[in-house]
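Reader: I would like a close look at a single part of this structure, taken slowly and with its surroundings included. Please choose one helix and work outwards from there.

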Amino acid sequence: MPNLSALSRGTQVLAAAALLLLIDTFLPWQSIELPLELGDVSQNAWNGFWGVVMGLMVIVLLAWVIARIMDVRLPVEVPDGPVTLALGGLILLFALIKNLADDYSTIWSYIGVLLAAAVAYGAWLRYQEAGGTVESLKASIPRQQAAGGAGAGAGTASTTPMQSEPDVT
């Protein structure tokens with residue numbers, strides 16, 4: 001078992017926030033009080049599409065981080081930084097959508113959004129620790145070339161259009 005204090009700051013933030021978010025998903029994210037002393041009805045984050053997908057992504061992210069901590073070798077080389085960053089960003093996005101789309105949100109849903117933001121921050125720290133920068137992130141996004149060949153930016157390859165007939169000169 002690796003020494004947890006020897007882990008990078010990004011890994012510590014990411015693992016702690018993801019674990020707390022996973023626990024938070026089982027607490028009531030929505031609650032409504034029924035009339036006539038009938039009590040209240042509550043639902044956790046696992047209710048509905050956004051919550052289920054968010055919860056599954058948290059589990060996948062935790063498994064990914066634990067596999068990286070334990071130095072598990074995957075059969076296919078998968079880049080750690082971009083995968084972690086993508087999962088962290090998607091978890092934050094889905095937590096926000098879940099919280100905004102649902103009625104009768106409780107404090108636990110707001111805490112869940114804050115924990116999802118901490119997950120995204122930890123993912124960003126891990127991305128930077130893996131050597132990623134904003135420039136490398138921008139460069140990895142595929143871009144379409146403007147019509148007429150104008151606007152080809154740095155780092156994009158120019159293409160020649162195919163000719164239907166050979167050029168005879």
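Author: What follows is a close look at helix α2 and then at the parts around it. The model is a predicted one, and the description should be read with that in mind.

Helix α2 runs over residues 49-69. With 21 residues at 1.5 Å a residue, α2 should span 30 Å, and because its end C-alpha atoms are in fact 30 Å apart, the expected and the computed lengths agree. Along this helix a series of residues is buried, namely Gly51, Met54, Gly55, Met57, Val58, Leu61, Leu62, Trp64, Val65 and Ala67. In general, an α-helix has 3.6 residues a turn, so residues three or four places apart point the same way. As for what lies over the buried residues of α2, the cover includes α1 (9-24), β1, α3 and α4.

Beyond the end of α2 comes Asp71, which sits in the loop that leads from α2 to α3 (80-101). Asp71 has a positive phi of about 60° although it is not a glycine, a point to note given that most residues other than glycine have a negative phi. With a relative accessible area of 46%, Asp71 counts as partly exposed because this value lies between the 20% and 50% cut-offs.

Tyr104 offers a parallel case in the loop between α3 and α4 (107-129). The phi of Tyr104 is likewise positive, near 60°, in a residue other than glycine, while its relative accessible area of 54% makes Tyr104 exposed, because the cut-off for that class is over 50%.

Among the elements that cover α2, β1 deserves a closer description of its own. Strand β1 (residues 28-33) pairs with strand β2 (residues 40-44) in the antiparallel sense, over five bridges, and within this pairing Ile32 stands opposite Val41 of β2. The two strands form a hairpin with six residues between them, and in the turn Leu36 has a positive phi of about 60°.

Helix α4, another part of the cover over α2, contains Trp108. Trp108 is partly exposed, at a relative accessible area of 33%. Although Trp108 and Trp29 are 79 residues apart in sequence, their C-alpha atoms are 5.4 Å apart in space. Leaving aside residues up to four places away in sequence, Trp108 touches Asp24, Leu27, Pro28 and Trp29.

How values were computed: Residues numbered from 1 in each chain as written. Predicted model: local features only at pLDDT ≥ 70, side-chain atom pairs only at ≥ 80, totals over all residues. Heavy atoms only, no water. Helix = DSSP H or I, 4+ residues; strand = E, 2+ residues; numbered from the N terminus. Buried < 20%, exposed > 50% of the residue type's maximum accessible area, 1.4 Å probe, protein only. Pairing = 2+ DSSP bridges. Contact = heavy atoms within 4.5 Å. Expected span 1.5 Å × (residues − 1).
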